[in-house]
Amino acid sequence: MRGTGAAVTGGCGADGAERWRATARTPAYLAQRATPQSWNDFVSSCGCAAWRIGLPMPLVTRSTWRLIHCALAALLLAAGLAHGAQPVVPSRAVGPATGLADSAALRATVFGTPPQDMAPLPKTVPLAEINIALPWARPVPAVFWFDRKLRVWLSAQPGPAPLAIVIAGTAGDGNTPKLAILRGALYGAGYHVLTMPSPTFPGFIVSTSSTGVAGDLLQDSRDLYAAMQAILSKLPRRIKITDIDVLGYSLGGAHAAVVKSLDATEGKLHIHRAVMINPPVSLFTSLARLDNLFSISIGSGDAGIENLYRRLYAQIANLYRASGRVEIDEDFILSAAALELKTDAELSAAIALSFRLDLVDVFFAGDLYARTGVVVDPQHPPKVGDSLEETARTLRLKPFSEYFSRVFAPYYLKHRPNSTSKSLIADSRLEIIGDALRNDVDYYAQTNSDDLILDKRELAWLKDTLGPRIVVYDHGGHLGNLGDRAQVSDMLDMLAGRWNVTAR
Amino acid sequence: MRTASTLVLLAAALCGCASQQMSIRSLPPDTPAADNAAAAENASELAAAIATEVTSEGGQGSATNAPPVTPADAPSMYTYDPWERFNRFTYRFNARFDEAILLPVSNGYRRLPSAVRAGIHNFFGNLSEVPSVINYALQWRLIPSARSLGRFAINSSLGLGGLFDVAKKLKLPSEPTGLSTTLSKWGMHPGPYLVIPFLGPSTLRDGVGLVGDYGASHVVNVADLYRGNEAWALGAADVIDERANISFRYYATGSPFEYETIRFLYVRKRLIEDEGLHRKALPKKHDVDAPAGQ
């Protein structure tokens, strides 16, 4: 999960030029948080780094359009502006753990850990990319021709060392900026590090999933576990592994814990410890909150999206004019994000929008594989070269609840004869491994009291289940403190078995 | 013979016939400590830049003469792409070519010491001042044109042929422009979206601009670099340097909608940049329902 709903108020009115000048009077505000980690994460997840290459007619190269990814961020960053005038109110009975979805939590969720607060990181970390074809993979649909192989990243120590396997959060690939932070911290502490995509990443769904329908905690973890075995069995012998630990952030945290519990039964990898960083307790509850956040902060239907886009375009264009720059570059995006994403409404809309765009791929792949016919005609699936514009537009309007009711549930109800919609939801709660979490001392968790994806009950359940093996920080929102000194130091203590349970 | 073997290798790579069940490809190492230090520095520079922006009261960026862009001025969410079939084919070809050839080569290049790479990057950056000087003049922006000329003169001499960006240290940062911007300034719309083979996303106007900029560089032919016997090697180095400085990877999104996303963003980015060029009056309002770029 990237983040979820919050009690939000406020709006915005000033046009871009005024906003630029007004906010620019508070440079300290920017200095505090001018590196939007989550924003970069978001941008890279949308895949819009822009570039160009020149072949034999080079020396034409340096033009004004090198960084298309800036455009993505630019067009999306002021998401909240589309709904600026409408106050957003808390809409669920059980609020976030603190009872306060405060601005600090939203800001931390969007902008991430400031660079000055980062834990010490190593100078260099070797990196190798692994592409693997998995024998159980389902036939690859034509439009996913580029996702045939699972892609993971490995940083190997020169000598024998424990291996840390890190799993990305919702829709993240195996090399997200957050994974890069964890990779640095873990490699610096002496681990081999293997980073893997989330089972909700389209590349995973196509290359690795045995169902093609993402979202089932246990099934997705089984696929992950099988992929881990396939990869580790083929690693070069020079990589000496002394121990194996798993960890993951957000939804990847829940996957890590379930993978460890599977391994406890099957014993194929002998996974030692698992650390969950900001995990959800109930996947579907958290996703429902994100749907709610989207409809509140952006609106529903074509008009809501169109309105969002138009306001966004105007805001960015005015801001760009006022800035006097000659091109939209990374600096512009950073300043625009810092300037535009101010109110809780804006931050919330950015979080909701980023999630919705992730869901588009999950929905499409699920519909294609399950042959449920919501947007893809099972008899005539799209071919390479077909336009997918209309499909994308349709999917943008569809909430997660619709994925559940029209793709996920029909598929699993058919394949699990004794299940019901209710049982499917229950099966995707962390409670399915509750006993293991409670009794096995090798499970750990880190979270924040203002994490937006947990409500009070869920946080209480985590605390009660894990006891002294969970650390709850006061602030950080959802993953907004990933990589900071305390988080990294505690994570390393947990992984190494140094976490002093009795003192807590 | 050499050409034939190159073609066979290229075809093999593009077809992916070298594929195996599991492959491990070594990449340039991550540099987290330096990256974080750079992020911290950028954060403070950003704050300082914005503070300066305020005190300079408008400056170059003043939008005083232009009516603000309103939501009604935003182009349609559809993009003008009459050559979509060709473009999609080209996008896919570019993706394969990049994965098989350019990316591995530029990854190798990234293993050179950073000082060497910076020198190479500055060198090519300096050469690109040539079209900037000409195009700023064509846009009737004589001060930036003179600045680009000054940068070229300073970096070519004090910067040892452009290897060092001395002008930046003298507070003359690079602000490149090109023919496509000039055409935009003269009122030309972007036209149809166009994915250029090997080059990537563009529009008809930007494609014409590229050819024009190349022609200008060729005509000026600084130090006989463009017409000499080694011109091809220099060109290849430029391509590799350019690619190595761009973090984009085709289909890293894993998404089948990547073509649509890039098209949407590229054209909006260029349209917003066009808005920035027209500070005195907006271009004539086009049909609001027409696809963006038309």
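**Strands, helices and confidence in a two-chain model**

Visitor: In which sense do strand S5 (residues 241–249) and strand S6 (residues 271–277) of chain A pair, and over how many bridges?

Guide: In this predicted model, S5(A) and S6(A) pair in the parallel sense. Within this pairing, Tyr249(A) has Ile277(A) of S6(A) as its bridge partner. The count of bridges between S5(A) and S6(A) is 5.

Visitor: What is the bridge partner of Ala164(A) in S5(A)?

Guide: S5(A) also pairs with strand S3 (residues 161–167) of chain A, in the parallel sense and over 6 bridges. Ala164(A) is, in addition, one of the residues that touch the most other members of the largest nonpolar core. Its bridge partner in S5(A) is Asp245(A).

Visitor: Which element gives the most residues to the largest nonpolar core?

Guide: The largest nonpolar core has 164 residues, and those touching the most other members include Ile165(A), Val166(A), Ala257(A), Ala274(A), Val275(A) and Ala352(A). With 18 residues, the element that gives the most to this core is H13(A).

Visitor: How many residues are in the other core, which lies apart from it?

Guide: Members of this other core include Phe123(B), Phe124(B), Ile134(B) and Phe152(B). In general, nonpolar side chains tend to be buried together in soluble globular proteins. The number of residues in this separate core is 8.

Visitor: Is Phe363(A) buried or exposed?

Guide: Phe363(A) is found in helix H13 of chain A. Leaving aside neighbours within four places in sequence, Phe363(A) is in contact with Leu395(A), Lys398(A), Tyr403(A) and Val407(A). Because 26 C-beta neighbours lie inside 10 Å of Phe363(A), the residue counts as buried.

Visitor: How far apart in space are Phe363(A) and Arg237(A), C-alpha to C-alpha?

Guide: In sequence, Phe363(A) and Arg237(A) are 126 residues apart. In space, their C-alpha separation is 40 Å.

Visitor: Where in H15(A) does the kink lie?

Guide: Helix H15 (residues 400–415) of chain A has 16 residues and, at 1.5 Å a residue, should span 22 Å; its end C-alpha atoms are 21 Å apart, which agrees. The kink is of about 40° and comes shortly before the proline Pro410(A). The kink lies at Phe408(A).

Visitor: Which helices are included in what covers the buried residues of H15(A)?

Guide: The buried residues of H15(A) are Phe400(A), Tyr403(A), Phe404(A), Val407(A), Phe408(A), Tyr411(A) and Tyr412(A). Among these, Tyr403(A) and Val407(A) are in contact with Phe363(A), a residue of H13(A). The cover of the buried residues of H15(A) includes helices H10 (283–297), H13 (344–370) and H16 (421–427) of chain A.

Visitor: How many of the 15 residues of H10(A) are buried?

Guide: H10(A) should span 21 Å at 1.5 Å a residue, and its end C-alpha atoms are 21 Å apart, which agrees. Its buried residues include charged side chains, Arg289(A) and Asp291(A), as well as Leu290(A), Leu293(A) and Phe294(A). What covers the buried residues includes helix H8 (217–233), helix H9 (251–266), H13, H15 and H16 of chain A. H10(A) is largely enclosed by the rest of the structure, because the buried residues number 12.

Visitor: Which residue just after H10(A) takes a positive phi?

Guide: Several residues of H10(A), including Leu290(A), Leu293(A), Phe294(A) and Ser297(A), are in contact with Ala352(A). Just after the helix, a phi of about 105° is taken by Gly299(A).

Visitor: What percentage of the residues of chain B count as buried?

Guide: Chain A has 19 helices and 8 strands, and buried residues make up 62% of its 504 residues. Chain B has 11 helices and 3 strands. Of the 294 residues of chain B, the buried share is 37%.

Visitor: In which helix of chain B is confidence lowest?

Guide: The model scores ipTM 0.84 and pTM 0.84, and the mean pLDDT of chain B is 83. Confidence in chain B is highest in strand S2 (residues 193–196), at 94. At a mean of 51, confidence is lowest in helix H1 (residues 2–15) of chain B.

Visitor: How many contacts beyond four places in sequence does the model have for residues 54–64 of chain B?

Guide: pLDDT stays under 50 over residues 54–64 of chain B. Where pLDDT is low, the predicted coordinates should not be read in detail. With that caution, the number of such contacts for residues 54–64 of chain B is 13.

Methods:
Residues numbered from 1 in each chain as written. Chains lettered and ligands numbered in written order. Predicted model: local features only at pLDDT ≥ 70, side-chain atom pairs only at ≥ 80, totals over all residues. Helix = DSSP H or I, 4+ residues; strand = E, 2+ residues; numbered from the N terminus. Expected span 1.5 Å × (residues − 1). Bend = angle between axes of the 7 residues up to and from the residue. Buried ≥ 20, exposed ≤ 12 C-beta atoms within 10 Å, placed from the backbone. Contact = placed C-beta atoms within 7 Å. Core = buried A, V, L, I, M, F, W, Y, C linked by C-beta atoms within 7 Å. pLDDT = per-residue confidence, 0-100. Pairing = 2+ DSSP bridges.
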